[in-house]
Amino acid sequence: MKRPILSHLRAGVGALALLVLATGVFAQEPIRIGWLSSLTGPLSSAAIAENQGVQFAVDEINRAGGIDGRKLELITRDTAGDPTKAVNFAKQLVFTEKVHFIIGPVNSGESLATVPIVARAGIPNLVIGTVDELVDAKKYPNAFRVINTNRQWIDGANTYALDVLKRRKVAVIGDTSGYGTSSAKTAAELLEKAGVKPVYSVLVDPNKTDLADEMNKAKAAGADVIMPWSAATGLLARLLNTRGDMGWNVPVVGHPALMAPPIGKLLNKPEYWGNTVAAGYVSTTYDAKGKLPANTQALIDKLHDRLGKSEIDYMLWWVALGYDTVRIVEHAVRQAHGTDPKAIQKVLANTKGLQGVYATYSWSASQRNGFPDHQIMMNQANSFKDGAYRAAR
Amino acid sequence: MLSALIAGLATGALYAAAALVYNVMFSTSKVLSVTTGHTAMLGGVFGAWFLQAFALPLPVALLGSMAIGALLGALTDFVAIRRVLARSDEHLWLLSTLALATMVQQAVALWWGTEPKPFPRIIPQEFGAGVFDQKYWLPVAVAIALAIGLELFYRGTLYGKLFVAMSEDIFAARARGIPTERIRMFSYVMAGAMGGLAGFAAGQLTFAYFALGLTLTLNGFIALAVGGLGSNLGALVGGAALGILSSIATYYVGGEFQQTISVGLLMLVLLLKPEGLFGTRNVRPV
Amino acid sequence: MKRVAILLFAAAVLVSLPWWAGDQYQLHLAALIGAYWVLIAGLNLVVGFSGQLSVGHVGLLAIGAYAYAILAGTHEWNVWLALAASGGIGALCGLLLGLPSLRLPGFYFAMATLAFALIVTELVLALDGLTGGGVGLSVPEFPAPFDTAAGSYWLILGIAVIVTWLTWNVARLMWGRGLIAVRDSMVTAQAVGVPVFHAKLVAFVFSGLTAGLGGALFAVMQSYITPDTFLFELGLFFFVCIIIGGRGSILGPFLGTVVLTALPELSAPLAKLGNFFYGLLLLLVVLLLPEGIGRLFQIGLERLRPQRLGSMPIEPQPAQLALAIKAGQR
């Protein structure tokens with residue numbers, strides 16, 4: 001017996017309806033996050049650690065069922081620290097992959113190029129570069145900075161050198177890379193604003209094999225504190241070695257790279273790392289009892305569950321920063337009930353005191369720097385233990 | 001100021017060693033290989049690796065780094081020179097050695113990392129010796145020893161005389177039955193080992209750093225061109241002049257114009273005395 | 001006829017790209033290839049035709065890019081004037097670099113251009129009042145209708161076509177032959193009356209002009225330039241594009257540019273290998289295929305469509321021969 005055509009049709013329509021219903025309820029469109037990371041090339045160590053945090057947060061959220069039933073899909077692109085590649089990949093993520101968020105890039109030179117492009121496309125961008133010029137509420141309303149600014153690092157170090165150590169004769173040493181020249185300039189400006197003119201300032205090629213002249217000149221100029229602004233670990237290690245070999249017990253206060261674990265291995269003697277203070281974070285500083293803030297400790301415990309019990313041998317704040325960027329995405333999507341860029345922008349611009357691991361974030365209509373000044377903490381460079389540091393006295 | 005001079009001299013000695021490596025390769029093949037600086041880079045990187053990861057005794061690590069440098073020398077000859085010299089096109093060797101150098105540098109960057117890594121103390125000595133520190137004097141001593149050794153080698157040994165014969169006239173040498181291919185291979189192995197030794201000796205000065213190769217290829221070449229192509233004395237003088245000049249310039253002007261000044265020196269010498277300070281004018285275009 | 005048809009087809013494909021390209025990213029890549037090509041087309045006359053191995057054209061690219069950003073951005077010049085000026089400044093710097101260095105033999109010249117690229121980076125960092133130093137400069141967009149992805153693509157396409165046409169003319173006329181003679185044997189070229197130095201210098205200054213133009217276009221595509229953008233590796237990349245494509249040809253280097261720009265974008269493992277991949281390609285081409293991939297293409301074409309030489313059997317003609325011999329004897 002033949003079934004009437006209508007019944008076929010009805011069955012078909014029914015199946016279709018079910019399918020539509022099913023996709024609507026169970027398989028909503030995933031939230032795509034573009035992650036521009038320089039996993040190879042210069043500064044890859046920071047990016048690799050940040051990548052751990054990002055991956056970890058994405059897995060954690062997905063295991064808990066995603067955000068409002070939507071899974072996270074992480075699309076990672078390795079820019080190798082090259083601005084040209086970063087621009088290409090930013091366009092690829094925006095136009096081909098049609099991501100809902102972009103995190104990164106890591107290096108300032110890359111970010112300066114990609115932020116305007118992502119802004120023009122109107123995609124929310126979580127910025128993790130420190131150069132001050134990067135964010136601007138008017139020009140790039142959708143770019144929100146998660147990390148601190150360069151100025152905040154420099155301010156923290158200057159305040160420590162001038163107010164805690166009570167030094168007035170500052171020698172500023174930058175390197176000739178893009179980052180080094182601009183940081184050294186900002187440092188000198190901020191010092192002069194505080195009424196202190198550096199007694200000596202110099203830019204050094206990051207691969208220069210010897211810093212004896214510069215240190216001797218600083219000493220001759222009567223410097224009583226050395227402030228290096230460079231991310232080049234080789235240069236910083238040479239500076240500390242020269243100071244130690246000269247037997248000059250002058251404090252060195254400056255860039256966070258001063259306390260990067262690889263520096264320790266480049267030093268002639270371990271004690272050369274003493275009397276060295278670098279800008280760090282409250283979130284990764286042990287208190288008097290040797291305890292970390294609760295949020296940080298919770299993240300470490302979770303990391304230990306995943307990576308085993310061995311000591312963490314990289315700087316923990318990079319992981320915390322990466323972890324927080326994804327948590328900020330979660331916060332924004334939950335509050336905005338979706339991924340509409342305009343709604344996301346509104347939510348983020350009205351975020352006050354969002355608790356993260358790395359910091360507590362607040363953005364406003366005119367302020368796109370989310371990191372609060374008071375969460376910078378000066379650390380003792382040689383106090384590295386399990387990813388975190390002791391406070392400088 | 002004294003420390004600036006000594007540091008400049010030490011860096012200059014490394015440039016001079018690179019210039020000597022150029023000279024040895026050039027003598028048998030009339031090729032200036034871009035891989036010159038990379039032999040020294042490998043010497044530093046592998047020296048640090050042998051000494052630290054395997055805790056090898058010093059002589060073994062030193063020989064190991066020289067062997068790695070020699071390997072790159074042999075590879076340069078085998079891959080980049082042998083097939084190319086047979087062709088008439090005179091620029092192909094520049095392309096092939098550039099290609100090989102690029103590959104070596106990137107491979108080291110991927111394996112070793114892009115951050116400089118430490119090079120351990122070779123001779124027991126207190127830090128704080130100032131200008132008497134071994135990191136300054138080791139490269140200087142090695143560069144001088146290499147130059148003297150080369151002169152003795154050229155004058156006193158049969159192989160050395162074969163090198164000289166090939167550098168004077170390769171066709172005549174071949175006609176007299178000299179196995180030019182084998183001698184050239186030997187010269188490249190020797191040059192590579194010299195580079196490895198220089199990189200090892202300068203390890204404490206430069207750290208074990210992947211990008212050192214190209215810097216040395218360029219600055220070693222400047223030293224060579226200033227001193228005069230083919231002259232070992234010229235290589236020493238050119239290297240020392242370049243190192244000290246750029247160190248003094250950095251001392252007075254700051255680090256921003258380092259490269260500009262050293263290239264300025266090169267251009268000046270090439271305009272005033274194109275064959276270099278100690279070079280011989282050798283015009284033979286056809 | 002056939003050649004005209006192929007040209008028309010290629011033109012139609014290139015012009016209509018914005019409509020059939022997948023998205024703006026692919027269009028961006030196409031425009032980037034165009035900007036690179038403007039530089040490479042000029043460099044091709046230097047490297048591919050006159051045989052001067054310049055690895056430092058990234059320095060001239062940077063000069064063009066900064067000239068445009070400073071003139072059109074900081075000084076708010078008219079954009080087209082700034083574009084023309086960046087070409088002119090590129091040519092001037094090409095002249096300043098070429099005058100002393102083109103007198104040098106091959107390796108010396110290559111090292112001089114390498115040093116030039118490093119000096120440009122050094123000066124860009126040192127003159128931070130002008131160039132923004134390490135922080136860099138924002139680059140103004142082209143005005144409407146060239147401010148969209150498609151608009152800027154068409155503009156770059158137009159400039160690239162003009163530059164290609166110029167180089168094509170140079171290549172096929174006496175000039176190009178003279179340059180090739182300089183490349184293959186300087187002595188012979190001199191002997192037959194090619195003004196060697198003059199020819200090399202003109203080609204080099206022209207390449208400076210296109211590098212300046214290319215730099216300005218590249219800067220607009222980047223929208224922001226810092227010294228980190230102009231790595232030495234980029235100069236190597238331009239150079240490799242030409243060698244791999246094939247020296248002495250225009251199509252070859254063009255294909256080289258397209259393939260080498262697109263490949264790392266399509267394949268992440270290749271992007272990770274980075275310079276190793278370029279080095280390997282360069283080595284393989286130099287060892288196995290010194291004429292470049294373009295030559296492979298040509299051979300393939302000939303295989304597909306063998307040239308008809310026509311069979312002309314030659315019959316012996318004793319009678320004529322006898323006559324000729326007699327004539328000779330007389």
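**Exercise 1. In this predicted model, establish in which strand Asn125(A) is found, and decide whether Asn125(A) counts as buried or exposed.**

Solution. Begin with the secondary structure, where Asn125(A) is found in strand 4 of chain A, residues 125–127. Next, count the neighbours: Asn125(A) has 29 C-beta neighbours inside 10 Å, and since a residue is buried if 20 or more other C-beta atoms lie within 10 Å of its own, Asn125(A) counts as buried. Then identify its contacts, leaving aside neighbours within four places in sequence; these are Ile102(A), Val115(A), Val118(A), Asn142(A) and Ala143(A). Finally, for a distance across the chain, the C-alpha atoms of Asn125(A) and Glu189(A) are separated by 29 Å, the two residues being 64 apart along the chain.

**Exercise 2. Determine which strands of chain A are joined by bridges to strand 1 of chain A, and explain why strand 1 of chain A is described as largely enclosed.**

Solution. Take strand 2 of chain A (residues 72–78) to begin with: it runs parallel to strand 1 of chain A, and seven bridges join the two. Within this pairing, Ile31(A) stands opposite Leu72(A). Strand 3 of chain A (residues 101–103) also runs parallel to strand 1, and here the number of bridges is three; in this pairing Ile33(A) stands opposite Phe101(A). The last step concerns burial: strand 1 of chain A covers residues 31–37, and because six of its seven residues are buried, the strand is largely enclosed by the rest of the structure.

**Exercise 3. Locate the cis peptide bonds that join Gly104(A) to Pro105(A) and Ala144(C) to Pro145(C), and then examine the positive phi values of Lys98(A) and Lys30(B).**

Solution. As background, most residues other than glycine have a negative phi, and most peptide bonds are trans. In chain A, the bond between Gly104(A) and Pro105(A) is cis with omega about -5°, and Pro105(A) lies in the loop between strand 3 and helix 4 of chain A. In chain C, the bond from Ala144(C) to Pro145(C) is cis with omega near 5°, and Pro145(C) is found in the loop that runs between strand 1 (137–138) and helix 8 (149–172) of chain C.

Turning to phi, Lys98(A) has a positive value near 50°; Lys98(A) belongs to the loop between helix 3 (83–96) and strand 3 of chain A, and with 12 other C-beta atoms within 10 Å it is exposed. Lys30(B) has a positive phi near 55° and is found in the loop between helix 1 (2–29) and helix 2 (36–53) of chain B. Lys30(B) has 14 C-beta neighbours inside 10 Å, and so counts as partly exposed.

**Exercise 4. Check the length of helix 12 of chain B against its expected span, and work out how its buried residues are arranged around the axis.**

Solution. At 1.5 Å a residue, the 15 residues of helix 12 of chain B should span 21 Å, and the end C-alpha atoms are 22 Å apart, which agrees. The buried residues are Gln258(B), Gln259(B), Ser262(B), Val263(B), Leu266(B), Val269(B) and Leu270(B). They cover an arc of only 120° around the axis, and therefore lie on the same side of helix 12 of chain B. The face turned away from this buried side carries the exposed residues Leu268(B), Leu271(B) and Leu272(B). As for packing partners, the buried residues pack against helix 10 and helix 11 (232–253) of chain B, together with helix 6 (106–126) of chain C.

**Exercise 5. Describe the side of chain B that touches chain C, by element and by residue class.**

Solution. The contact involves 29 residues of chain B and 31 residues of chain C. On the side of chain B, the elements that give two or more residues are helix 3 (58–85), helix 4 (92–112), helix 10 (212–227) and helix 12 (258–272), and the largest share, ten residues, comes from helix 4 of chain B. Divided by class, this side of chain B has 19 nonpolar, six polar and four charged residues.

**Exercise 6. State how chain A is divided into domains, and characterise the contact between them.**

Solution. Domain 1 of chain A comprises 31–149 + 298–372, and domain 2 comprises 151–287 + 379–390. The centres of the two domains, taken over C-alpha atoms, are separated by 29 Å, and 21 residues of domain 1 are in contact with 15 residues of domain 2. On the side of domain 1 that touches domain 2, helix 4 (108–121) and helix 11 (316–336) of chain A are the elements that give two or more residues, with the largest share, three residues, coming from helix 11.

Technical notes: Residues are numbered from 1 along each chain as its sequence is written. Chains are lettered from A and ligands numbered from 1 in the order in which they are written. This is a predicted model: local features need pLDDT of at least 70, side-chain atom pairs count only at pLDDT 80 or more; totals for chains, interfaces and linings use all residues. Domain bounds come from an automatic or database domain assignment. Two residues are in contact if their C-beta atoms, placed from the backbone, lie within 7 Å. Helices (H or I, at least four residues) and strands (E, at least two) are DSSP runs, numbered from the N terminus. Ala, Val, Leu, Ile, Met, Phe, Trp, Tyr, Cys and Pro count as nonpolar, Asp, Glu, Lys and Arg as charged, and the others, Gly among them, as polar. Two strands pair if DSSP finds at least two bridges between them. The expected span of a helix is 1.5 Å times one less than its number of residues. The arc is that of the directions from the helix axis to the C-beta atoms.
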